[in-house]
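User: I am new to reading protein models. Can you take me through one, feature by feature?

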Amino acid sequence: MICQECGKRPATLHFTKIVNGEKTEFHICEACAREKGEMIPGTSNGFSIHNLLSGLLDFDPGSAGSMTNKTQTIRCENCGLTYSQFSKLGRFGCDCCYESFSERLDPLFKRVHGNTVHVGKVPKRTGGLIQHKRELELLKKEMMSSIEREEFEQAAKLRDQIRGLEKKMSGGQNS
């Protein structure tokens, strides 16, 4: 494939851009990519997942991109890493950092993945049970929400659905 910019050299970089669901593909050579200022993997200006995370971590919806004093003082009690250091490095110091920074990670995960829990595909072998557990969780949340709104008839219907699903999950035995 020939570079779409210069039409001379072979295209060695292939970019896919998706904006508002519209997919556009670019095939360009390394020289044209450098001229356009594109990030080239494996070079000094190359793409790094750590750079990506670092850029995302600087986002603070409450302060239009700047980090707050509270954010800068959050520290992992196990390894001593601060959130500020984490946002620059793009990686955790230890497994306890997930919990220490959880308040800041949930909005990040929601921005990147659209949710804070995994909702992807489930293997068919174990899918039935996992699907039932997800449905059960959702029904319980809906029931609690109905109770908070004092919609007790709706809550009772949801309670009955929950009992039916729990019975189904336990193989029809009483639980």
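Analyst: We will go from the overall layout to single side chains. Keep in mind that this is a predicted model.

User: How many helices and strands are there in the protein chain?

Analyst: The protein chain has 8 helices and 2 strands. Now read them in order. From the N terminus on, the pattern is β-β-α-α-α-α-α-α-α-α.

User: What share of the residues counts as buried?

Analyst: Of the 175 residues in the protein chain, 22% are buried. The chain exposes about 12900 Å², and carbon and sulfur atoms supply 52% of that area. You can also look at contacts. Among those with a separation of 6 or more, 30% come from residues 24 or more positions apart.

User: Let us look at the strands. In which sense do β1 and β2 pair?

Analyst: Strand β1 covers residues 13–19, and strand β2 covers residues 22–28. They pair in the antiparallel sense, over 7 bridges. Together β1 and β2 make a hairpin, with 2 residues between them. Look at the turn: N20 has a positive phi of about 50° there.

User: Which residue in β2 is the bridge partner of I18?

Analyst: That partner is K23. Another residue to find is K17, which stands opposite T24 in β2.

User: Next, charges. Why would two charged side chains pair up?

Analyst: Opposite charges can pair when the charged atoms of the side chains come close. This model has 4 salt bridges. One of them joins the side chains of K23 and E25, at 3.6 Å from N to O.

User: Are K23 and E25 buried or exposed?

Analyst: K23 is exposed, because its relative accessible area is 54%. E25 is partly exposed, with 41%.

User: Where in the chain are the two residues of the K140 and E166 pair?

Analyst: Start with the distance. K140 and E166 form a salt bridge, with their closest N and O atoms 3.7 Å apart. The pair links distant parts of the chain. K140 sits in helix α7, residues 124–148, while E166 sits in helix α8, residues 152–169. They are 26 residues apart. K140 has a relative accessible area of 38%, so it counts as partly exposed. E166 is partly exposed too, at 28%.

User: What is the N to O distance for R159 and D160?

Analyst: The side chains of R159 and D160 meet in a salt bridge at 3.1 Å. R159 is partly exposed, with 34% relative accessibility. D160 is partly exposed at 42%.

User: Now cysteines. How many disulfides does a search of the whole structure find?

Analyst: The search finds 0 disulfides. Take C29 as a case. The nearest cysteine sulfur to C29 belongs to C32 and is 3.5 Å away. The cut-off for a disulfide is 2.5 Å between the sulfur atoms, so a distance of 3.5 Å does not qualify. C29 is buried, at 2% relative accessibility.

User: Which cysteine has the nearest sulfur to that of C94?

Analyst: It is C76, with its sulfur 3.6 Å away, and C94 is in no disulfide. C94 counts as buried because its relative accessible area is 16%. C76 is buried as well, at 2%.

User: Where does C76 lie, and which residues does it touch?

Analyst: C76 lies in the loop between α3 (69–73) and α4 (83–89). Leaving out residues up to four places away in sequence, C76 touches L81, C94, C96, C97, S100 and F101. Now compare sequence with space. C76 and G93 are 17 residues apart in sequence, and their C-alpha atoms are 8.5 Å apart in space.

User: Last, the surface. Which residues form a nonpolar patch there?

Analyst: The patch is formed by M144, I147 and F152. Together they have about 290 Å² of accessible area. F152 is found in helix α8. With a relative accessible area of 52%, F152 is exposed.

User: What should I look at again in the 3D view?

Analyst: Go back to the hairpin of β1 and β2. Then find the salt bridge of K140 and E166, which links α7 to α8. Finish at C76, in its loop between α3 and α4.

Methods: Residues numbered from 1 in each chain as written. Predicted model: local features only at pLDDT ≥ 70, side-chain atom pairs only at ≥ 80, totals over all residues. Heavy atoms only, no water. Buried < 20%, exposed > 50% of the residue type's maximum accessible area, 1.4 Å probe, protein only. Helix = DSSP H or I, 4+ residues; strand = E, 2+ residues; numbered from the N terminus. Contact = heavy atoms within 4.5 Å. Patch = residues over 30% accessible without salt bridge, like charges linked within 9 Å, V, L, I, M, F, W, Y side chains within 5 Å. Areas by Shrake-Rupley, 256 points an atom, 1.4 Å probe, with all protein chains shown as cover. Pairing = 2+ DSSP bridges.
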